[in-house]
Amino acid sequence: MTNLAIAANGLRKSYRDKDGDKVVLDGVDLAVPEGTIFSLLGPNGAGKTTTVQILSTLIRADGGQVQVAGYDLNRQADDVRGAIGVTGQYSAVDKLLTGEENLLLMADLKHLPKREGKRRAKELLEKFDLVEAGGKPAATYSGGMRRRLDLAMTLVGDPRLIFLDEPTTGLDPRSRRSMWGIVRDLVKNGVTIFLTTQYLEEADELADRIALLDHGRLIAEGTAEELKRLIPGGHIELTFADTHLLEAARHLVGAGTGAGAAAPEALTLQVPSDGSVGAVRELLALLDERSIDVAEMRVHTPDLDDVFLTLTGRQQKESLR
Amino acid sequence: MSTLTLAARDSSTMVRRQLRRLLRYPSMTVQLVVTPVILLLLFVYVFGGTLGDGLGGGPGGRDAYVNYVVPGILLMAAATAATGTAVMVATDMTEGIIARFRTMRISRASVLTGHVVGSVIQQLLGMAVLIGIALAIGFRPNATPVEWLAAAGLLTFFVVAITWLAVALGLKSPTPEAASNAPIPLVFLPFLGSGFVPTDSMPTVLRWFAEYQPLTPIMETVRGLLLGTPIGNSAAIATAWCAAIAAASYLWAKSTFNKA
């Protein structure tokens with residue numbers, strides 16, 4: 001059994017405002033094995049940032065048992081701080097200092113020896129493509145550069161567990177891809193990553209396990225594949241050369257399954273399916289037997305978008321907008 | 001390493017951060033140095049001739065007034081600088097870097113210590129410039145080196161105290177704009193004391209306030225040390241005020257920072 005980098009049971013947090021108590025986290029359980037990427041996915045206001053703030057010792061939970069990096073979050077907060085690195089949603093760089101000075105500041109605060117700190121700063125500037133910008137104040141950096149510097153600063157002390165709170169929000173596609181590459185490299189070296197995002201694509205690309213958070217509760221958890229299997233929506237789309245073939249095919253599969261939505265003008269037929277190789281082979285074999293030629297075929301498996309929208313029950317609201 | 005060495009190390013790191021920031025953003029420092037100099041010139045050359053005659057005793061006039069007004073201007077400079085410190089702290093708190101510091105295993109107070117030491121160094125430099133200019137325009141102290149040291153010590157103590165107060169006010173302010181208003185009363189305190197005119201010339205209620213407010217004994221002590229006027233028990237009261245303001249503000253700032 002692998003060790004858990006994060007183990008949380010019944011995490012609770014509410015804030016008091018003028019409308020009374022507002023529950024932000026309502027009993028969240030988390031289990032993140034070491035050396036994996038765990039993604040907390042949810043819409044704005046779901047409680048993602050609050051979760052990160054609690055796990056990274058910034059704010060206290062109202063209730064729940066939490067161990068981070070093997071330490072009790074409440075009683076050993078300083079040990080937790082020694083083991084983690086945090087890159088928050090808002091850039092945590094000193095804008096008046098240069099990139100290099102920011103990294104050296106982190107090295108000093110991590111109590112690295114002078115020479116070691118300089119070496120590490122240089123290495124990180126190279127790794128994050130900031131060598132040229134290293135001597136300029138961070139205020140002059142672009143959003144992507146600032147985010148890279150931010151993450152580089154988090155890495156100075158080689159933390160075992162890294163929190164990334166919406167690391168690519170507001171970045172252009174190229175910067176986003178480069179950030180993904182960096183995150184994947186980190187995990188190769190055995191680091192655990194706790195990532196929050198509102199982009200399904202990002203969770204799908206990076207995470208070993210995904211938890212869906214909505215209104216302070218986890219509504220689903222599993223690998224991307226497991227989550228996709230939770231909801232219907234998979235089908236095989238067949239395109240035919242003419243209406244005769246389409247009709248024949250429809251008759252064939254329709255007779256067997258009672259389903260099969262046809263779009264005569266596009267000459268396509270949708271057959272419900274889980275999209276597995278076996279199901280595709282079976283369908284094609286059936287059509288082959290009757291000599292019905294298929295011009296084109298596409299397999300559609302539900303993506304995380306379907307999962308997300310179905311499970312968070314926001315499909316209606318979103319489509320009305 | 002023990003907790004104390006770590007705290008000292010983190011604090012010195014934060015002081016270096018703060019000094020570097022001050023160098024990178026010099027307009028604030030320039031403003032803090034220039035404003036009191038302008039006030040000094042204004043009071044000496046515009047009001048000084050008339051106010052000096054009203055001091056009573058001695059020859060009066062502009063020359064007497066330069067000597068009288070310097071301690072008041074020095075304290076006013078410190079109060080003006082406190083505004084700058086409060087704004088800087090409030091601005092810093094809105095930056096993500098502070099959240100980063102909070103998630104690191106460092107001495108938490110070191111963030112505040114960095115601000116305080118940085119501001120104190122900035123203000124002492126400003127005071128040195130101010131005294132230099134005062135000497136150039138006719139300030140004639142008769143202090144011995146020991147008296148100079150004592151005056152410098154008391155001013156430094158006051159600067160430390162008022163800077164911790166400014167840090168606490170900056171932490172309490174919801175925005176940097178609010179932080180720039182909070183220390184304004186401090187800037188007016190030298191006027192409502194013995195900073196610019198002797199307190200006996202004021203109406204009763206005002207005189208009562210002027211004699212008992214913390215800045216008056218401090219100004220009287222500095223004046224006594226540098227110019228040989230009677231000090232009486234002002235030195236003890238001044239030291240007590242500085243110690244009380246420093247200690248209360250330090251605790252206030254620390255608990256505010258830890259709570260946020």
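This briefing walks through the sheets of chain A and then the aromatic and charge-over-ring contacts. The model is a predicted one. Chain A holds an open sheet of six strands with mixed pairing and an open sheet of four strands with antiparallel pairing. Over all chains, the count of aromatic pairs comes to ten, and a cluster of five Phe residues in chain B is a good place to look.

**The six-stranded sheet of chain A**

- Reading across this sheet of chain A, the strand order is β6-β7-β8-β3-β9-β10, and the pairing is mixed.
- At its edges you will find β6 (84–87) and β10 (217–222) of chain A, each of which pairs on one side only.
- From one strand to the next, the twist averages 15°.
- Inside the sheet, β3 (residues 37–41) and β8 (residues 192–197) of chain A run parallel and are joined by five bridges.
- To find your place along these two strands, look for A:L41, which stands opposite A:T197 in β8(A).
- Helix α6 (residues 173–188) of chain A packs on this sheet and touches β3, β7 and β8 of chain A; the direction of α6 makes about 150° with that of β8(A).
- Another helix, α5 (residues 143–155) of chain A, lies across β6 and β7 (161–165) of chain A and runs at about 170° to β6(A).

**The four-stranded sheet of chain A**

- Here the strands of chain A follow the order β2-β1-β4-β5, with antiparallel pairing.
- Because β2 (20–33) and β5 (71–72) of chain A each have a single partner strand, one side of each is left without a neighbour in the sheet.
- Strands β1 (residues 4–17) and β4 (residues 63–68) of chain A pair in the antiparallel sense over five bridges, and A:A7 stands opposite A:Q67 in β4(A).
- Helix α1 (residues 48–55) of chain A packs on this sheet, where its contacts are with β1, β2 and β4 of chain A; the direction of α1 makes about 115° with that of β1(A).

**Aromatic pairs in chain B**

- Among the ten aromatic pairs counted over all chains is B:F43 with B:F196: the ring centres are 4.5 Å apart and the planes stand at 40°, so this pair is tilted.
- This pair links distant parts of the chain, with B:F43 in helix α2 (residues 26–53) of chain B and B:F196 in the loop between α8 (184–188) and α9 (204–212) of chain B, 153 residues apart.
- Both partners fall under the 20% cut-off for buried residues: B:F43 has a relative accessibility of 8%, and B:F196 has a relative accessible area of 4%.
- B:W208 and B:Y212 also form a tilted pair, with 5.3 Å from centre to centre and 40° between the planes.
- These two residues are four apart in helix α9 of chain B, so about one helical turn separates B:W208 from B:Y212.
- B:W208 is exposed at a relative accessible area of 57%, and B:Y212 also counts as exposed, at 55% relative accessibility.
- B:F43 and B:F196 belong to one aromatic cluster together with B:F47, B:F188 and B:F191.

**Charges over rings**

- In chain A, A:K13 lies over the face of A:Y15, at 5.3 Å from the ring centre.
- In chain B, the charged end of B:R223 sits over the ring of B:Y68, 3.7 Å from its centre.

Note on methods: Residues numbered from 1 in each chain as written. Chains lettered and ligands numbered in written order. Predicted model: local features only at pLDDT ≥ 70, side-chain atom pairs only at ≥ 80, totals over all residues. Heavy atoms only, no water. Pairing = 2+ DSSP bridges. Axes fitted to C-alpha atoms, helices over the stretch in contact; angles between N-to-C directions. Contact = heavy atoms within 4.5 Å. Phe/Tyr/Trp six-rings, centres within 6.5 Å; stacked < 30°, edge-to-face > 60°. Buried < 20%, exposed > 50% of the residue type's maximum accessible area, 1.4 Å probe, protein only. Lys NZ or Arg CZ within 6 Å of the ring centre and 35° of its normal.
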